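Hello,

Here is the structure I promised to pass on to you. Have a look at it first, and then read on for my notes.

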Amino acid sequence: MKKQHNYTVMHWGTWQVESREGEIVAVKPVPWDKNPSRIGQSLPDAVTSQTRIRRPAVRAGYLQHGPASREGRGKEPFVEVSWEVALDLLARELRSVKARCGNEAIYGGSYGWASAGRFHHAQSQLHRFLKGFGGYTASTNTYSSAAGERILPHILGPLSPLHRQHTHFSELARECQLFVAIGGLPLRNAQVNGGGANDHMLQYWLDKMQANGTRFINISPVRNDLSAVPDAEWLAIRPGTDIALLLALSYVLIAESLYDQAFVASHTVGFAPYCAYLLGEHDGVAKTPAWAAAITGLDAQRIADLAREMARHRTMVNISWSIQRARQGEQAYWATVALTALLGQLGTPGGGLGFGYACTNLAGAVRKAFSGPRLPAGENAVDSVIPVARLSDMLLHPGETYEFDGQQRRYPDIRLVYWAGGNAFHHHQDLNRLCEAWRRPETVVVHEQYWTAQAKFSDIVLPATTSLEREDIGSGGHDGFMIAMSAQIPPVGEARDDYAIFCDLADRLGFGEAFSEGRDAGQWLRHLYEESRPRAQEEGIALPSFDDFWQQGVLEYSAPERPQIFLADFRADPERYPLSTPSGKIELFSATVAGFGYRECPGHPWWDEQEAARQRQEAARWPLHLLSSQPRARLHSQYDHGSVSRATKVQGREPLWMHPSDAQGRDIREGSVVKVYNDRGAILAGVHLSEQILPGVVQMSTGAWYDPLDPKEERSLDKHGNPNVLTEDRGSSRLGQGCSAQSCWVEIAPWRDELPPITAFDPPRFIEV
């Protein structure tokens with residue numbers, strides 16, 4: 001199709017692109033974006049940088065010796081080969097694994113955001129291809145919120161649809177008197193939205209709410225987690241103790257008869273056993289503010305007063321995704337649901353409950369839900385699924401059983417890992433353990449744009465185009481826009497679209513026609529657009545013809561006719577509009593969860609003193625609690641090699657935020673490079689001192705590209721600063737099996753040796769054979 005305009009869509013915004021002679025010269029945000037992200041400014045210098053993968057490449061040992069050389073992953077040079085050689089090699093290995101071990105032995109990972117665009121979405125393309133090949137082992141849930149995703153269906157409903165039903169910010173601006181932000185409302189997180197973030201609206205709505213008199217309380221170890229509201233009250237809670245606070249708030253509501261007894265009676269089940277637990281009838285420990293104060297570090301009187309304020313005012317309680325990325329993360333979400341049920345404000349304008357306002361640009365957006373065209377995925381003939389955060393466990397322990405959400409499952413024996421989009425060496429915890437696990441399969445294949453650590457630790461590396469080098473349709477749920485994405489530059493080097501790669505592979509494997517359905521990429525765009533028109537019509541959106549859309553370049557949908565209020569129908573009539581829980585109501589006690597028999601997950605929210613004791617033992621060895629946050633200058637690890645992210649580094653290292661009192665006793669100063677370590681590994685980081693973080697707590701962003709000092713050395717120092725070298729690879733509980741990265745303890749010391757150079761963004765060494 002002819003290029004009509006210069007728009008491109010990234011998960012952090014839509015940009016107008018200026019290009020010249022195959023290079024991106026400049027980008028500027030679109031005029032309708034209220035608060036554009038800075039991340040896009042990384043595009044001009046990053047897309048065609050030395051970090052770009054320009055030709056297919058095969059690890060030298062693999063090319064010469066095949067899977068027997070797997071210990072060489074991450075250690076050996078690569079050989080650049082032709083597309084024909086690479087695809088023939090890959091097709092041979094796919095056939096071999098399928099014939100010897102069955103399709104269950106293929107892991108179609110590709111967890112991650114990949115590139116924006118409804119057709120050229122790498123993960124969707126890979127999964128469609130593998131389904132056409134006979135199936136694969138898949139993953140379920142997310143690193144972001146797996147604990148919440150697993151507990152909520154038992155007690156309230158599935159997280160994803162609930163997230164899309166959040167009360168609109170326009171209603172909060174009109175009606176909310178008190179906004180309690182557990183984990184804050186970080187602007188950095190709201191830069192992004194899956195599929196696109198055309199109008200960054202968080203700061204705009206928070207300003208409106210403040211102007212209308214909403215009072216904000218930030219419950220977080222980090223004051224900056226609510227930097228958008230400078231006057232917010234900061235309750236500097238110890239990390240991992242939010243459950244105790246929530247239980248104590250519920251205790252006060254019950255003990256002082258401040259809870260909504262009528263709402264509890266009509267809209268919940270299980271009040272009696274939960275009440276008995278809070279009053280100490282089970283364990284002899286009443287969950288009083290004084291009890292919680294000793295755990296959380298907050299003042300007991302402030303806890304009691306907060307409960308009373310929440311009962312007196314129209315109160316929205318929001319809990320961020322970060323809180324449940326910890327041991328017992330399920331309990332934090334359950335305790336929040338229970339607290340808001342006792343308050344009885346669910347379904348009211350301006351009050352109630354939120355799971356992740358500000359975790360992306362989605363929740364609360366005054367936009368229609370329509371997400372745009374969808375690529376048909378097909379059916380997976382293999383019934384083999386693992387919790388996504390149990391990747392290393394699967395690779396290290398094939399055939400072993402594990403417990404998950406009331407089921408006993410078995411890890412498959414994976415022989416081939418196929419990844420397109422995403423980066424396990426960013427997402428996963430305990431990267432040294434992942435390095436060991438990553439060397440277990442026979443073959444690891446990636447489609448990648450840049451020489452990330454995951455690419456360097458693979459066998460077959462296929463260069464993929466970026467969104468700037470192909471046509472696509474940009475659209476995301478609750479974003480309110482659809483963008484015609486023209487190719488702005490030609491493919492860099494020999495890079496190909498994922499779709500073109502899979503078409504060639506499918507031809508080699510005998511199902512090319514079934515995969516492509518006889519369409520090229522341009523024909524697929526037209527087809528998917530037309531297929532989406534009836535769904536759009538259901539939401540009151542009249543899409544123009546495809547040709548008109550492509551000529552126009554931008555569609556903005558009208559705003560919803562009625563403001564959205566979370567669970568308003570359920571509040572009005574719980575019999576007519578029941579929840580999807582077993583009882584149809586909010587479950588303060590869940591017979592289903594109790595029936596699992598998990599010690600760590602009884603049938604109601606609770607404080608796990610056994611786990612708390614384990615955390616205290618960790619703190620005795622490693623006295624600083626490390627929090628790993630989402631970054632300000634990139635999306636996860638995307639474009640860490642770009643100018644915006646690199647400008648934030650301290651002497652080339654990822655920044656670490658630390659309280660001056662913790663630095664003083666360790667001879668650490670502003671701008672120092674330090675060694676951060678525990679028994680899982682060690683990294684270098686650059687220090688920023690700040691009184692906006694609780695003493696005893698340090699914070700780093702995730703996403704710095706893993707850069708071992710000596711890849712041939714086991715547990716080598718990461719000289720760049722990826723905190724997932726240090727985080728523990730242990731599930732949140734047997735129920736959720738989610739990421740527990742926030743339960744991490746470290747020590748820090750000044751780095752006195754010569755600083756090693758950063759090589760994270762360098763290509764690997766190439767040789768000829």
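Below is what I found, going through the annotated domains, some strands, two helix regions and one loop residue.

Please keep in mind that this is a predicted model.

Let me start with the UniProt record, where both domain annotations come from an unreviewed entry. The annotation "domain: Molybdopterin oxidoreductase" is listed there for residues 52–508. In the model, that span is 37% helix and 16% strand, and its end C-alpha atoms lie 27 Å apart. The record also gives "domain: Molybdopterin dinucleotide-binding", which covers residues 624–744. Here the span is 7% helix and 25% strand, with 9 Å between its end C-alpha atoms.

Strand β24 (residues 624–629) is a good place to look next. Six of its six residues are buried, so the strand is largely enclosed by the rest of the structure. L624, L626 and S628 point one way, while H625, L627 and S629 point the other way. That is a pattern you will know well: in a regular strand the side chains alternate between the two faces of the sheet. What does β24 pair with in the parallel sense? Its partner is strand β28 (residues 697–701), over five bridges, and L626 stands opposite V698 there. β24 also pairs with strand β29 (residues 745–750), this time in the antiparallel sense over two bridges. In that pairing, L624 has V746 as its bridge partner.

Strand β19 (residues 460–463) also has a parallel and an antiparallel pairing. Its parallel pairing is with strand β18 (residues 443–448), over four bridges, and the antiparallel one is with strand β4 (residues 57–59), over two bridges. I460 takes part in both: V445 of β18 stands opposite I460, and V58 of β4 has I460 as its bridge partner. From β19, I460 and L462 point one way and V461 and P463 the other, and all of them are buried.

Now to the helices. Helix α9 (residues 242–255) packs against helix α13 (residues 300–312) at an angle of about 65 degrees, and their axes are 9 Å apart. The crossing of α9 past α13 is right-handed. On the α9 side, the contact is made by L245, A248, L249, V252 and L253; α13 contributes I303, A304, L306, A307, M310 and A311. How many of the residues in this contact are nonpolar, polar or charged? The division is 11 nonpolar, no polar and no charged.

Helix α5 (residues 146–155) is mostly covered, with nine of its 10 residues buried. Among the buried ones are E149, R150 and H154, along with I151, L152 and I155. After α5 comes G157, which has a positive phi, near 150 degrees.

Finally, a loop residue that I would like you to look at. I541 lies in the loop between α21 (521–538) and α22 (546–552). Is I541 buried or exposed? I541 counts as buried because its relative accessibility is 5%, and the cut-off for buried is under 20%. Setting aside neighbours within four places in sequence, I541 is in contact with K368, F370, A536 and Y557. K368 is 173 residues away from I541 along the chain, yet their C-alpha atoms are separated by 9.0 Å.

Do write back with any thoughts once you have had a look.

Best wishes

How values were computed: Residues numbered from 1 in each chain as written. Predicted model: local features only at pLDDT ≥ 70, side-chain atom pairs only at ≥ 80, totals over all residues. Heavy atoms only, no water. Axes fitted to C-alpha atoms, helices over the stretch in contact; angles between N-to-C directions. Left-handed = near helix turned anticlockwise from the far one by under 90°. Contact = heavy atoms within 4.5 Å. Nonpolar A, V, L, I, M, F, W, Y, C, P; charged D, E, K, R; others polar. UniProt positions renumbered as here; feature names shortened; annotations may be inferred. Buried < 20%, exposed > 50% of the residue type's maximum accessible area, 1.4 Å probe, protein only. Pairing = 2+ DSSP bridges.
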